[in-house]
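User: I am new to this structure and would like to understand the terms used for it. Could you take me through them step by step?

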Amino acid sequence: MSHATAAREFIADSQRTKWHDETIWFVRHKRDLAAASVPEWELLRSTASAIKRHTLSRLDEYLEQFEQNAIRHGIKVHWARDAAEHNEIVLKLLKEKGVTNIVKSKSMLTEECGLNPYLEAAGIEVVDTDLGERIVQMRKEHPSHIVLPAIHIKKEEVGELFHEQLGTEAGAADPNYLTEAARNHLRDKLLNAGAGLTGVNFAIAETGGIVVCTNEGNADLGTALPPIHIASMGIEKLIPRLEHLGVFLRLLARSATGQPITAYSSHFHRPREGQEMHIILVDNGRSGILADEDFNRSLNCIRCGACLNTCPVYRRSGGHSYHATVPGPIGSVINPVRDPAKFESLPFACSLCGSCSEVCPVKIPLHHQLYALRGVIAERGLLPLSKRAPLWFATAVFRRPWLYRAGGRMARMVLRCLPRALVYNRLNPWGRQRELPVVPEQSFRRAYADRQAKRSK
Amino acid sequence: MNVGLFIPCYIDQFYPRVGLATVDLLERFGATVDYPEQQTCCGQPMANTGCQDDARVVAEHFLQTFKDYEYVVAPSGSCVAMVRHHYAGLFGTDARVEAMAKKTFELCEFLTDVVGVEQVEGEFPFRVGLHNACHGLRELRLGNPSEHMAQPFNKVASLLAGLRGLELVELSRSDDCCGFGGTFAVSEEAVSCQMGNDRLADHESAGTQVLASADMSCLMHLGGLARRQNKPLAVMHVAEILAGYEVPQPSPARS
């Protein structure tokens, strides 16, 4: 389904659309206040962007350095070319330990790899421990936002879900009460898990350690007890040195939620005593993006979600309308770069307003990349005829000034004379909710020529 | 100052008053204006849809038409952004493109940056809601966008501020996109109209009497929504206000 069609369905519920837009705009506004409180904000952005650019230019070296340092501290490092390899590695590790139930803290990478259904098919119970993730998991849905996975769901709906699945009181919608119920439910899962899986926000080449940022502390809880910790990371999560971490931690939470810093920035630098620690370095198309000079800056992304929050299209169409693990502006870049045929409509789910590029803490020129991607889609012949044909016609007109003049005169005359029903028909999407301009008798060029003629008299 | 006037195709066809106001303003501030008859379009609709080869054909025509002018001025931020930022992608390294990018200006930035206009004399006793069109704002930096942490400025607002009696309303979202976006307005019609209606609601609660912008395409979209809903909202290009034109009576949707 194209984004436009899915968005139309979302917008059909106008109350929800308004609420979704306002809820997410509130987060964007909090981001503005948080960013404004840091005098060197723009310098931080430039610095972060430069660090990422540098790292990506020598990614191979930094990955090797990271691996060596991690191994030195007793961490086991695995490499996965794609999603399938990643999932196989996880399952193998779990099987070796005879683990049948795991807890998982937020990781968009495992979402991208389809890890949950894969493990569940192998008979392993997977419980997401981030509250939002747990909610969408219980609803058998995917996250609609990369930082706020359940932002599309109202508290009343959570109350209903928890009533059905956790036995809370019917009709309860008090966030404190519901959170308490989720906490009790998750505590049990956390205490009895056979393994803890986490994502990775930053991996530091110099130290061989990783940092996981959460607001609920669920990464700490999920890894504190089980005998095995498996961390999955995309290879672009690397930064060279520990001293660079502060730049990103200052940007991440402010950009994501408007907080000065996430509540927990957990550092994992070696296995806990008696525990095994594994890190899986996943490529899954990233080296292909890295090799693509036009689009490799998208690998700067630290998954803060700020571009989603600011995007006027995302706010009015919801994350699921993108049909991709990562929605919004950044998702509309990285998904079509990997698979233009499958995601041909995403670069067009954008008015090119440019707000995403301004808000991005690592300065990815998102809207310019979306613009460029439209060229890629067209070049590969993936543009639907409905988009292609009118422009072919317009080009034929615009290259011939006489035809443009004659056509303009004709079009204005037709618009003035035709009965309304013929102008506002099903084939005119402009006119579904909007009037066309009031058509003047004269074009500018005629009016101007007349005026000049009068003047010279 | 020898100015080649670029009047975007839809302004030529639908909004002649905006073109005339642009000429009035440029002449008032001492420019010699010439309107080359051969002009058509800058190529933005093609380029924004990814049809780069088509865009190149139209852009080539633009380059030819305007090559001999000292300056090229247009009352449209998005067309100027196309010429200044996106022609390079169409033609690669090309001296003609570089020269054109340097001499092409949006009307308000031409007045403030090239002519050095600080205030425009006149009177406009209305509550004006300024729609900060995205391309002008973020591509041309006619103002500081709300996402960017820097000293606020707004070239369009500062020109308007010189008019006696004019009051700029305070919007809850100063620069959220209106949803026009060129072909986006048609291909993503539902989102586009939702965005436009949200902008209109913001202006209504701020008490806007005249909705103004330096980009007529946004106003074509917003005005089209307002008129369908018979909202008592006048819509004017900034050039019309600065040139002292009368507020048009909102015309109801044709039945």
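User: How far apart are the C-alpha centres of domain 1 of chain A and domain 2 of chain A?

Analyst: In this predicted model, those two centres lie 20 Å apart. The domain assignment puts domain 1 of chain A at 3-287 and domain 2 at 298-380, and it also gives domain 3 at 400-456.

User: What makes domain 1 and domain 2 of chain A count as being in contact?

Analyst: Contact needs heavy atoms within 4.5 Å. By that rule, 44 residues of domain 1 of chain A are in contact with 36 residues of domain 2 of chain A, so the two domains do touch. The area buried between domain 1 and domain 2 of chain A is about 3500 Å², with carbon and sulfur atoms giving 58% of it. On the side of domain 1 of chain A, the residues that lose the most area to domain 2 are A:H3, A:R45 and A:I146, which together make up 22% of what that side buries.

User: Why is the pair A:R338 and A:E112 called a salt bridge?

Analyst: The rule asks for a side-chain nitrogen of Lys or Arg within 4 Å of a carboxyl oxygen of Asp or Glu. In A:R338 and A:E112 the closest N and O atoms are 3.3 Å apart, and that value is within 4 Å, so the name fits. Side chains of opposite charge can pair when their charged atoms come close. Across the interface of domain 1 and domain 2 of chain A, the rule finds three salt bridges, and there are 17 residue pairs in polar contact.

User: Which elements supply the side of domain 1 of chain A that touches domain 2 of chain A?

Analyst: Those that give two or more residues are α1 (3-11), α2 (14-36), α3 (41-57), α6 (108-113) and α12 (242-257) of chain A. The largest share, eight residues, comes from α2(A). By class, this side of domain 1 of chain A has 20 nonpolar, 12 polar and 12 charged residues.

User: Let's move on to the two chains. How many residues does each chain give to the contact between chain B and chain A?

Analyst: Chain B gives 75 residues and chain A gives 79. The area buried between them is about 6800 Å², and carbon and sulfur atoms account for 57% of that area. Between chain B and chain A the count is 15 salt bridges, along with 41 residue pairs in polar contact. Helix α11 (residues 189-206) of chain B gives the most to the side of chain B that touches chain A, with nine residues. That side of chain B divides into 35 nonpolar, 23 polar and 17 charged residues.

User: How do you know that B:E189 forms a salt bridge with A:R432?

Analyst: The closest N and O atoms of B:E189 and A:R432 are 3.2 Å apart, which is within the 4 Å cut-off, so the pair qualifies. The pair crosses between chains, from helix α11 of chain B to the loop between α21 (420-423) and α22 (444-456) of chain A. B:E189 also meets A:R8 in a salt bridge, at 3.0 Å from N to O.

User: Where does UniProt place the feature "domain: Cysteine-rich" in chain B?

Analyst: The unreviewed UniProt entry places that feature at residues 3-83 and 128-222 of chain B. Residues 3-83 of chain B are 57% helix and 12% strand, with end C-alpha atoms 16 Å apart. Residues 128-222 of chain B are 43% helix and 11% strand, and their end C-alpha atoms lie 15 Å apart.

Note on methods: Residues numbered from 1 in each chain as written. Chains lettered and ligands numbered in written order. Predicted model: local features only at pLDDT ≥ 70, side-chain atom pairs only at ≥ 80, totals over all residues. Heavy atoms only, no water. Domains from an automatic or database assignment. Buried area = accessible area lost by both parts, 1.4 Å probe. Polar contact = N/O pair within 3.5 Å; in protein donor to acceptor, adjacent residues only side chain to side chain. Helix = DSSP H or I, 4+ residues; strand = E, 2+ residues; numbered from the N terminus. Nonpolar A, V, L, I, M, F, W, Y, C, P; charged D, E, K, R; others polar. UniProt positions renumbered as here; feature names shortened; annotations may be inferred.
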